[in-house]
Amino acid sequence: MEIVCPIDEKCASEVSCLLRPPSPLQVQEYFDQLISTRNCHGIKVKQISERGKGVYAGMDFQEEELVLKDQMLAGIQHSSNKMDCLVCSFCFRFIGSIELQIGRRLYLQSLGDSANDKCHMGSSSHTSEDCYNTDLSDMEDDIYMKNHEDYGNCAPGSSKDNISLPQGFIESLMNGELELPFSDKFPLPSTIPCPGDCGEAYYCSKSCAEADWELFHSLLCTGERSKALSRAALLKFIEHANGTNDIFLLAAKVICSIILRHRKLKAAHLEEQGKTNANSKSSNLSLLLEAWKPITIGYKRRWWDCIALPDDVDSSDEASFRMKIRELAFTSLQLLKAAIFDSECEPLFSLEIYGHIIGMFELNNLDLVVASPVEDYFLYIDDLLHGEKKEAEKITRPILDALGDDYSICCQGTAFFSLQSCMNHSCCPNAKAFKREEDRDGQAVIIAQRPICKGEEVTISYIDEDLPYGERQTLLADYGFRCSCPKCLEEEP
């Protein structure tokens, strides 16, 4: 029996208004303003009748030249990646120090998967703080020094048989009591704790902490200063998302941003118009539509309709699979509703809206990748002159062996970028998403793969363009279109 969401029926007209596609003029005005605000004057977004939107070059670009740096509308670090990387919860820049990054990972690695689960978003603030800080006040100096001296005698280990470092050494890295050789060449921003005292979110600056609180986190914080309706319910939602699909966390961030934006708009409207007009149903819908505008622009379909059928699901079971995905979304939505429901934004808690938000991510998201400074650090050590290298490796070699082959894992997540999402696919693209050495945060970076002329459409590839024609078309079918780029037209049987 198909699940029925009561809010879908109760708020049918409002939901219909929210999901109504914007006019070409509205789209153009929105992106013109966005491009102007972000100073991205080298591009222009245009409405294309047969393919929706497209991004066009507003100037000539040379090969390898930067075309666009796009700020994310919303993004998350994958829960499974939080053990490996401590990053700013807003801009995703690595934070703390080289020592903290290494020590924290070794500490969690020594605790095993159970510690990883506790340190994921959704754990108690006490546990999360333990994963960040460990008290070393009871560690005697002479024991520490003995352990420290022993490191130079450790033989390099393999990734299959990683050596185990003394706990005191690991903790001293985390607490800043030990400085690794040449780590001062790789300074990182200090860690700023969440203003809601959740002990789970950390930031690279006060401005990032304030921006995240204002835009998203105040409703998703599990700390004592959280503005969530129920912190207990919020923990259940987060636990469910971490156990099923963390795309629900991204959807929650977007819904929180709309609620918070609506509250701001209403406060301004009340001050300007007075309470009588501002509390009318039509006025509230108008404000909600304004708060929803950044989402209106994105291409959307229901998640359960557009998600790709997994390889292990037979086509005869497709209907059942999509029904289960719908039920999974409904369960997540009910948990989120119990945590942050706002009656003035009730349509946002309809299954239709929730499904379309997640579907927008499914179709448009870009991988969020930020390179780790830990890799740069070990490469620097490896490039030292023989004498310096030999001395430094007395300390760093055992650490490298303890970390294993995956000694430097980048920050990994997923995000929605308003401008980048307008870029169409081509199997012979003229641009690509590519992080340069200086790109150390979560912004999307688009680089020209070849010279691009002014007025030419900027295209990227959604898939591996080196795959055979048939495989490319099969993969692109999940995006809802058949590719007719020059390469496909040439290779079509």
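This passage describes the overall make-up of the chain, one residue of helix α18 and the packing of two helices. The structure is a predicted model, in which local features need pLDDT of at least 70, side-chain atom pairs count only at pLDDT 80 or more, and totals for chains, interfaces and linings use all residues. Residues are numbered from 1 along each chain as its sequence is written, and side-chain values use heavy atoms, with hydrogens and water left out.

The chain holds 20 helices and 12 strands (DSSP runs of H or I with at least four residues, and of E with at least two, numbered from the N terminus). Of its 493 residues, 49% are buried, that is, under 20% relative accessible area with a 1.4 Å probe, protein chains only. Among contacts (heavy atoms within 4.5 Å) with a separation of 6 or more, 72% join residues 24 or more positions apart.

Helix α18 spans residues 386-403 and includes Ile 399. Ile 399 has a relative accessible area of 1% and is therefore buried. Leaving aside residues up to four places away in sequence, Ile 399 touches Ile 102, Leu 106, Leu 165, Phe 169, Leu 173, Leu 180 and Phe 378. Ile 163 lies 236 residues from Ile 399 in sequence, yet their C-alpha atoms are 8.5 Å apart.

Helix α2 (residues 12-19) packs with helix α16 (residues 351-364) at an angle of about 20 degrees, their axes being 10 Å apart (axes are lines fitted to C-alpha atoms over the stretch in contact, and angles run from 0 to 180 degrees between N-to-C directions). The two helices are therefore roughly parallel, the word for angles under 35 degrees. Val 15, Leu 18 and Leu 19 of α2 meet Glu 352, Ile 353 and His 356 of α16.

Methods
Buried < 20%, exposed > 50% of the residue type's maximum accessible area, 1.4 Å probe, protein only. Parallel < 35°, antiparallel > 145°, perpendicular 65-115°, else oblique.
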